[in-house]
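Subject: Handover of a structure

Dear colleague,

Please find the structure below, together with its sequence. I would be grateful if you could look at it before reading my notes.

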Amino acid sequence: MDFTPVRTQFPTLTQTFNGYPLCYLDTAATSHKPQRVLNAMTQFYLKNNANVHRAAHQLSSQATRQYEAVRDQVMDFIGAQHREEVIFTHGTTEAINMVAHGLTQYIDSGELILVDSLAHHANIVPWQVLAKQTGAIIKPIPLTKEGRLDLLAYDALLKQKPTIVALSHVSNALGILNPIETLVAKAKAVNAITLVDGAQAVAHMNINVQQIDCDFYAFSGHKMYGPTGVGILYGRLEILDSLNPLITGGEMIKSVTFEKTVYNTLPNRLEAGTPPIAEVIGLGEAIAFLNDIPAIEKIYHEKELLQYLQDQLKAIEGIILYGAHPDNIGAVAFNLHNEHHQDVGVLLDQQAIAIRCGHHCAMPLMQTLNIKGCCRASIGIYTNKQDIDCFMTALNNVITLLH
Ligand code: PMP
């Protein structure tokens with residue numbers, strides 16, 4: 001399939017900086033948005049703008065219908081069984097915080113929470129807060145020398161009967177794809193509650209939460225060609241319904257007196273206050289955009305590009321790649337021997353190459369790799385071979401300049 005017509009839907013990618021065409025290799029941080037997503041949000045504000053679920057007027061009914069239709073779209077997109085299992089949040093971070101906060105009654109002092117060593121801070125810090133509140137203990141699932149999760153060590157940790165197991169589907173820093181179904185099945189075999197951080201997975205592969213069989217799955221709209229400010233928490237109905245709400249107030253109640261409040265049913269119970277309505281509608285359009293591209297073509301296109309990127313980088317003398325593997329998704333992490341990652345990033349930026357440099361919100365992973373940070377180039381559906389060639393030319397210029 002020719003992906004040129006897909007790329008032309010992204011207006012931001014036509015810009016130049018310092019006389020160079022923008023080469024955007026930072027999709028793992030946030031993706032660009034196709035014109036149709038921007039149009040859908042503008043149209044909402046131009047025609048349907050009203051608060052949802054509340055007023056008796058037609059405009060509000062229209063907005064509510066549009067907003068709730070996206071819940072059905074998300075349900076289909078991730079293969080959930082019930083529309084009530086889809087909660088709109090402001091992003092992955094909020095979604096994981098909702099779960100960690102909501103599970104207080106499930107965990108006692110001395111009980112165990114396992115978190116994988118590839119995890120983003122958003123899948124570490126909320127568990128630390130829960131551990132501090134309850135006296136629970138967090139243990140990391142270690143990595144092998146190759147930077148992948150150590151399955152033998154995981155099996156050994158599971159023998160300690162953890163209460164909660166929090167996993168990354170795809171590592172944002174290295175692009176490593178975890179064998180998520182196996183990891184979840186093993187956790188379930190010891191009756192652990194499982195959460196999967198899917199922030200780096202949803203845009204790149206087909207997700208089916210029933211097949212993964214996790215209790216919770218979290219992701220953000222802005223990494224899948226939708227807007228910022230909206231994300232999804234999927235939860236298996238029964239356990240989702242038992243979460244203590246993180247945020248309380250309007251919309252999430254059935255009745256309120258000064259003595260007592262009765263909470264609403266799902267999904268409203270976990271969506272207090274005015275939700276990000278236009279953003280939800282933008283997310284719906286992003287899903288429609290993704291659904292219009294045959295999944296197999298999309299996966300193949302990105303796989304081929306990532307392999308090309310890995311191969312080109314591997315051929316550079318003095319480069320260090322972290323966790324590079326043919327099965328990786330969306331990103332490659334590297335350092336130039338003896339050079340600071342930030343210097344490399346700045347010199348690339350002067351040639352309009354946008355990559356990310358730093359700890360990638362995964363400081364424990366950087367500690368495991370024994371580095372302070374690294375460069376990460378990440379791709380999306382609009383990336384083409386020319387982007388990678390421009391990047392490689394610019395990187396070779398940086399190497400010449402620094403030596
Ligand atoms: N988890 C992973 C794996 C991520 O890549 C990110 C975003 N970098 C997050 C969680 C947090 O997502 P957000 O900032 O959209 O809440």
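The notes below describe two sheets, the helices that pack on them and a group of aromatic residues.

Please bear in mind throughout that this is a predicted model.

The seven-stranded sheet

One sheet is open and consists of 7 strands, in the order 4-10-9-8-7-5-6, with mixed pairing. Its edges are formed by strand 4 (86-89) and strand 6 (137-141), each of which pairs on one side only. From one strand to the next, the twist averages 20°. At one of these edges, strand 5 (residues 112-116) pairs with strand 6 in the parallel sense, over 5 bridges. Within this pairing, D116 is placed opposite I141 of strand 6.

Two helices may be described together with these strands. Helix 3 (residues 58-78) lies across strand 4, strand 9 and strand 10, and runs at about 115° to strand 4. Helix 7 (residues 180-189) lies across strand 7 (164-168) and strand 8 (193-197), where its direction is at about 175° to strand 7.

The four-stranded sheet

A further open sheet contains 4 strands in the order 13-14-17-16, and its pairing is antiparallel. Here the edge strands are strand 13 (319-322) and strand 16, each pairing on one side only. On average, neighbouring strands of this sheet are turned by 30° against each other, with direction ignored.

Helix 11 (residues 295-314) packs on this sheet and touches strand 13, strand 14 and strand 17; its direction makes about 10° with that of strand 14. Helix 12 (residues 341-349) also packs on the sheet, in its case touching strand 14, strand 16 and strand 17, and its direction makes about 160° with that of strand 16.

Strand 17 deserves a separate paragraph. To which strands is strand 17 joined by bridges? Strand 14 (residues 331-336) runs antiparallel to strand 17 and is joined to it by 4 bridges. In this pairing, F334 has C375 as its bridge partner, while A333 has R376. Strand 16 (residues 356-358) is likewise antiparallel to strand 17, with 3 bridges between them; there, G358 stands opposite C374.

Are the residues of strand 17 buried or exposed? Strand 17 (residues 374-378) is mostly covered, as 5 of its 5 residues are buried. C374, R376 and S378 point one way from the strand, whereas C375 and A377 point the other way, and all of them are buried.

The aromatic residues

The count of aromatic pairs in the model comes to 9. One of them is formed by Y225 and F289: the ring centres are 5.7 Å apart and the planes stand at 70°, which is over 60 degrees, so the pair is edge-to-face.

Which parts of the chain does this pair tie together? Y225 belongs to the loop between strand 9 (216-220) and strand 10 (231-235), and F289 to helix 10 (residues 277-291), so the pair ties together parts that are 64 residues apart in sequence. Y225 and F289 are both buried. They also belong to one aromatic cluster, which is formed by F10, Y225, F289 and Y382.

When you open the model, I would suggest beginning with strand 17, which is joined by bridges to strand 14 and to strand 16, and then turning to the aromatic cluster that includes Y225 and F289.

With kind regards

Note on methods. Residues are numbered from 1 along each chain as its sequence is written. This is a predicted model: local features need pLDDT of at least 70, side-chain atom pairs count only at pLDDT 80 or more; totals for chains, interfaces and linings use all residues. Side-chain values use heavy atoms; hydrogens and water are left out. Buried means under 20% relative accessible area, exposed over 50%, partly exposed in between (1.4 Å probe, protein chains only). Two strands pair if DSSP finds at least two bridges between them. Rings of Phe, Tyr and Trp (its six-membered ring) pair if their centres lie within 6.5 Å; planes under 30 degrees apart count as stacked, over 60 as edge-to-face and the rest as tilted. Axes are lines fitted to C-alpha atoms, for helices over the stretch in contact, and angles run from 0 to 180 degrees between N-to-C directions. Contact means heavy atoms within 4.5 Å.
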